[in-house]
Amino acid sequence: MQLSPATAAVATAAGLTKIYGSDDTRVVALDAVSVEFRREQFTAIMGPSGSGKSTLMHCMAGLDTVSHGSARIGSTELGTLKDKELTRLRRERIGFVFQAFNLLPTLTALENITLPLSIAGRSADRSWLEHIVATVGLGARLDHRPNQLSGGQQQRVAVARALAARPEIVFADEPTGNLDSRAGAEVLGLLRGSVRELGHSVVMVTHDPLAASYADRVVFLADGRIVDELARPDADSVLERMKALDHAG
Ligand code: ADP
Ligand code: MG
């Protein structure tokens, strides 16, 4: 059966279990998580600290290995890939945005945005790049280095960098965690716009119900399991689910 692109899963976890350590230090960070992330959707992942949110992102993005079960990007099973293939997949098919921006300090904003393409030996698609840069709204600051930019501007550069290679999916781990609410709103608007206007697929971890309200769907994790889900969230409904989880736990 041929799935239409809009409904096909762009990333899938199936019975994904991640165990750190052994014996006394054994931690089950993810306990048989099954979830699909759909194309052209903005999904938020929420849950208490230590519930496995970052671990899920890292396993799905091929930044960490899976103990049992599977993590797939499209139909590619990450566990079957050799190191080189995994590196290539991360470079070509996945974008990642970190809480701490992770820009290179000696490069300008524009050079940071195009760095992954340069490393891959690909030239940037001019019109696409212009489109992204316009959406990011950095204008004259493209020649600035990270330390000449505000936190919000740096994170917008990091989002543009994640989008530059047109990845199939962008993972963002607490992208607004280091930003004030106004800068955070700009980054969230940019992520949402990349889905609505550019057709990207975004999965974002956040603590913040307001941030989650930018998403199309919220998935709730607790103790390494998916415990709830909400479509078309608003901040109040997210907050209520979070409270319910706290009381259940
Ligand atoms: P969250 O992002 O929801 O705060 P994490 O995914 O970072 O949670 O962590 C989930 C659980 O796995 C926690 O108990 C954490 O201590 C543990 N954990 C995460 N990374 C490691 C690691 N590299 N080694 C050992 N334990 C880890
Ligand atoms: Mg985390």
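What percentage of the 249 residues in the protein do buried residues make up? In this model, which is a predicted one, buried residues make up 48% of the 249, and I would like to begin with the overall picture before turning to a single residue.

The protein contains eight helices and ten strands. Its radius of gyration is 18 Å, close to the 18 Å that the globule rule gives for 249 residues, and it is therefore as compact as a globular protein of that length. If you follow the C-alpha trace along its principal axes, the protein spans about 50 × 45 × 45 Å. When we take the contacts with a separation of 6 or more, 69% of them are accounted for by residues that lie 24 or more positions apart.

Let me now go to the surface and the charges. About 12,200 Å² of the protein is exposed, and 48% of that area is supplied by carbon and sulfur atoms. There are 27 positive and 29 negative charges, and the mean positions of these two sets are 5 Å apart.

Finally, please find Arg156 in the structure, which belongs to helix α5, residues 151-164. Is Arg156 buried or exposed? Its relative accessibility is 10%, and because buried means under 20%, Arg156 counts as buried. The side chain of Arg156 is joined to the side chain of Glu186 by a polar contact of 2.6 Å. Leaving aside residues up to four places away in sequence, Arg156 touches Glu186 together with Val187 and Leu190, and also Val136, Gly137 and Leu138.

How values were computed
Residues numbered from 1 in each chain as written. Chains lettered and ligands numbered in written order. Predicted model: local features only at pLDDT ≥ 70, side-chain atom pairs only at ≥ 80, totals over all residues. Heavy atoms only, no water. Helix = DSSP H or I, 4+ residues; strand = E, 2+ residues; numbered from the N terminus. Rg over C-alpha atoms; globule rule 2.2 N^0.38 Å. Buried < 20%, exposed > 50% of the residue type's maximum accessible area, 1.4 Å probe, protein only. Contact = heavy atoms within 4.5 Å. Areas by Shrake-Rupley, 256 points an atom, 1.4 Å probe, with all protein chains shown as cover. Lys, Arg positive; Asp, Glu negative; His and termini not counted. Charge placed at Lys NZ, Arg CZ, Asp CG, Glu CD. Polar contact = N/O pair within 3.5 Å; in protein donor to acceptor, adjacent residues only side chain to side chain.
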